Amino acid sequence: MAGDSQLDAPDLSFLPPLSSPADPPFAAMSFNATAHAFTASQAFWGPVTATLDWCEANYQFSRYIAEAANTFSNIVTVGLAIYGAAQSVREKLPPRYLIGYLGFALVGIGSFIFHATLTFEAQLMDELPMIYVASYCCAMLFDTARGFELRKSNALPLGIVFASLNCLFTLSYYIWRNPVYHQVVFGILLFTSISRTIHLLRNGEIAKRLPETQRSSITRLFSSGATTFAVGFLVWNLDNIFCSSITQWKQSIGWPAAFLLEGHSWWHILTAIGTYLMLIGNSYLTLCIKDHHLNFIIHKTLGLPRIVRAGKTKTQ
């Protein structure tokens, strides 16, 4: 000890450094074969330290943006999230719904930074919010008691449980940096949310609070969102599997037309739309369950659904 009033610093040597350009992860070592020739020496953000590198050519148009299409396609995510948040504030919905949209926006912002830099730190800014937001939305589906006061619902214990799981995942993913681990956990959360949604729509007790018209609207919204998300997942896989062939096609047709073949960008766009639709569907579902179905209706503006208060009664 340095002195009687000081404690020895804890030994955290077992934790890996956040990034190590001199010894990058395997995926970064393999690097993107389509990278522009000057990348290694001119890339503003330095060498790739992320454990993932996608099919889009790195630093093709600017030394400041690693993957142009994959970066700017996140504007769709952020835009939909801001729109949802604005509608939530406008209709004076309970704060939990605004938090969900803000988390949705955080995912888009993190993904924007990740694809712009391809650093491991930025990768965490993309992947960790995905888990946090998915678990948050999942927890909301398990709070079915009437009203939104914490003392009269199980929101607080649910929050503690899911927050603890998020902390555990964050620590374990920081130590064991396997992207498949992240994908599996994210998939489990999505599957849980889908299963819970189906259960609520078919549950006899809950069904009493949801007339057929509302159940049909929720089913259409959630099914459309889940299907759109699934199509995005399919495109994501095809882009990974057939990257070499797709790269040749892009080089043949040239840019800007080749941007249409950036599969990971379409994953961003399709999953953003799918997530928004599922958020609207599940928000409408929980509002009808915890408040009253007569107080809310679904309106569409230019084909985009949003939740609107049907009356002047303010949810407490």
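**Exercise 1. Place asparagine 166 in this predicted model and state which residues, beyond its neighbours within four places in sequence, are in contact with asparagine 166.**

Solution.
- Step 1: Setting aside neighbours within four places in sequence, the contacts of asparagine 166 are Ile131, Tyr132 and Ser135.
- Step 2: Asparagine 166 belongs to helix H7, which covers residues 155-175.
- Step 3: A residue is buried when its relative accessible area is under 20%. Asparagine 166 has 13% relative accessibility, so it counts as buried.

**Exercise 2. Describe the protein chain as a whole: how many helices and strands are there, and what share of the residues is buried?**

Solution.
- Step 1: The protein chain has 12 helices and 2 strands.
- Step 2: In sequence order the pattern reads α-α-α-α-α-α-α-α-α-α-α-α-β-β.
- Step 3: Of the 316 residues, 46% are buried.
- Step 4: Take the contacts between residues at least 6 apart in sequence; 68% of these join residues at least 24 apart.
- Step 5: The exposed area of the chain is about 16300 Å², and 68% of it comes from carbon and sulfur atoms.

**Exercise 3. Work out which residues of helix H11 are buried and which are exposed.**

Solution.
- Step 1: Helix H11 spans residues 243-253, and its Ile246, Thr247 and Lys250 are buried.
- Step 2: Viewed down the axis of H11, the buried residues fall within an arc of 105°, so they line one face of the helix.
- Step 3: Ser244, Gln248, Trp249, Gln251 and Ser252 are exposed on the other side of H11.
- Step 4: The cover over the buried residues of H11 includes helix H10 (212-241).
- Step 5: After H11 comes glycine 254, with a positive phi near 80°.

**Exercise 4. Why does the pair of phenylalanine 186 and phenylalanine 229 count as tilted?**

Solution.
- Step 1: The structure contains 15 aromatic pairs.
- Step 2: In the pair of phenylalanine 186 and phenylalanine 229, the ring centres are 6.4 Å apart and the planes are at 35°, so the pair is tilted. Planes under 30 degrees apart would count as stacked, and over 60 as edge-to-face.
- Step 3: Phenylalanine 186 is in helix H8 (residues 179-202) and phenylalanine 229 in helix H10, 43 residues apart.
- Step 4: Phenylalanine 186 is buried at 13% relative accessible area, and phenylalanine 229 is buried at 11%.
- Step 5: Tryptophan 236 and tryptophan 267 also form a tilted pair, with 5.8 Å between centres and 40° between planes.
- Step 6: Tryptophan 236 lies in helix H10 and tryptophan 267 in helix H12 (residues 263-290), so this pair ties together parts 31 residues apart in sequence.
- Step 7: Ring pairs join Trp54, Phe186, Phe229, Phe233, Trp236 and Trp267 in a cluster.

Note on methods: Residues are numbered from 1 along each chain as its sequence is written. This is a predicted model: local features need pLDDT of at least 70, side-chain atom pairs count only at pLDDT 80 or more; totals for chains, interfaces and linings use all residues. Side-chain values use heavy atoms; hydrogens and water are left out. Helices (H or I, at least four residues) and strands (E, at least two) are DSSP runs, numbered from the N terminus. Buried means under 20% relative accessible area, exposed over 50%, partly exposed in between (1.4 Å probe, protein chains only). Contact means heavy atoms within 4.5 Å. Accessible areas come from the Shrake-Rupley method with a 1.4 Å probe; for residues, only the protein chains shown count as cover. The arc is that of the directions from the helix axis to the C-beta atoms. Rings of Phe, Tyr and Trp (its six-membered ring) pair if their centres lie within 6.5 Å; planes under 30 degrees apart count as stacked, over 60 as edge-to-face and the rest as tilted.
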